[in-house]
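Biologist: I should like to understand how the terms used for a protein model are justified. Would you please take me through the reasoning step by step?

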Amino acid sequence: MSNLKEDLEYLQLYSICKAYQDKAKEAEEKNLSYTGYLELLIQEEVTDRIQRSIKKRITQAKFPIIKTIDTFNFDWPKSINRKKILQLFEMNFVEEKKNILILAPPGMGKTHLAISLGYAACQKRLSTLFISAIDIVNNLYASISDFTFIRKMRSYLRPKILIIDELGYLPLDKKGSDLLFQIIDKRYEKGSIILTSNLAFKDWGKIFGNNTTATAAIDRLVHHCEVITIQGDSYRLKDKKNKKLLQV
Ligand code: ADP
Ligand code: MG
């Protein structure tokens, strides 16, 4: 005689296994047909699997903190293109392998927007990875010495969206800028990059240590891209108290 529970577990239909008895009662109460009952069960399994896969995407994305667009105050910056930003949340840029460059001074919400976009992508079950520019470089450096370079490189090429945060706070040496350039070059037209930087393009030579690499990186990044610029005062200075502290 077959054991339903065991069979469902063997088939990895864990949600059905958990719910089939309650759903049977529900089906009886609602006078559902056999097909109606089956539909209830399958719906349960599908909904749970989608939720599990969204959760997995969020964990894999390694966000330092969760930020969402509904907590972003569009009235704070002096200049910001709200419509263009909200359109990005439709996620068409991912299929189009387009990049998003978010350029603004510190505290203007670059990281907030980048995480919000990544979080929304996870909700659509798009693989995403968040990492700072300096961590990419440091991790790749370290991977050379422990012979995991190819694997590490692959982990930055595989996600549909790679969020590279805070390019420009720390200058890169020659090797570091070559490593970062490799990522930008290899993802070109293959996978989206969301990149945040406090520096305008004209100053990227300072990050990459030389203008040739900076130009080549910009060339690839901007070929298919949306540039978001934000202007105004740092959100961190929103409270007068913080403003005073920073002036001292
Ligand atoms: P940046 O990356 O540009 O330096 P962050 O995204 O880290 O700035 O923003 C600094 C802090 O201010 C974060 O806590 C962020 O959530 C918040 N913040 C920045 N801009 C806004 C905004 N327009 N609305 C709501 N919170 C904001
Ligand atoms: Mg930031």
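Modeller: A salt bridge is a side-chain nitrogen of Lys or Arg within 4 Å of a carboxyl oxygen of Asp or Glu. This is a predicted model, in which local features need pLDDT of at least 70 and side-chain atom pairs count only at pLDDT 80 or more, while totals for chains, interfaces and linings use all residues. Residues are numbered from 1 along each chain as its sequence is written, chains are lettered from A and ligands numbered from 1 in the order in which they are written, and side-chain values use heavy atoms, with hydrogens and water left out.

Biologist: Why is the contact between Lys202 and Asp203 called a salt bridge?

Modeller: The N to O distance between the side chains of Lys202 and Asp203 is 3.4 Å. The limit is 4 Å, so the pair qualifies.

Biologist: What makes Lys202 exposed and Asp203 buried?

Modeller: Buried means under 20% relative accessible area, exposed over 50%, and partly exposed in between (1.4 Å probe, protein chains only). Lys202 has 71% and is therefore exposed, whereas Asp203 has 17% and is therefore buried.

Biologist: Why are Glu96 and Lys98 called partly exposed?

Modeller: The relative accessible area is 46% for Glu96 and 22% for Lys98. Both values lie between the two limits, so each residue is partly exposed. The side chains of Glu96 and Lys98 also meet in a salt bridge, at 3.7 Å from N to O.

Biologist: How do you know that Glu26 and Lys30 form a salt bridge?

Modeller: Their side chains come to 2.8 Å, N to O, and this is within the limit. Glu26 is partly exposed at 21%, while Lys30 is exposed at 52%. Both belong to a network of salt bridges that links Lys23, Glu26, Lys30 and Glu44. The whole structure contains twelve salt bridges.

Biologist: What makes the approach of Gly107 to ligand 1 a polar contact?

Modeller: A polar contact is a pair of N or O atoms within 3.5 Å; within protein, one must be able to donate a hydrogen and the other to accept it, and residues adjacent in sequence count only if both atoms are side-chain atoms. A backbone N or O atom of Gly107 is 2.7 Å from an oxygen atom of ligand 1, so the pair meets the distance limit. Met108 also offers a backbone N or O atom, at 3.1 Å from an oxygen atom of the ligand. For Thr111, a side-chain N or O atom lies 2.8 Å from a ligand oxygen.
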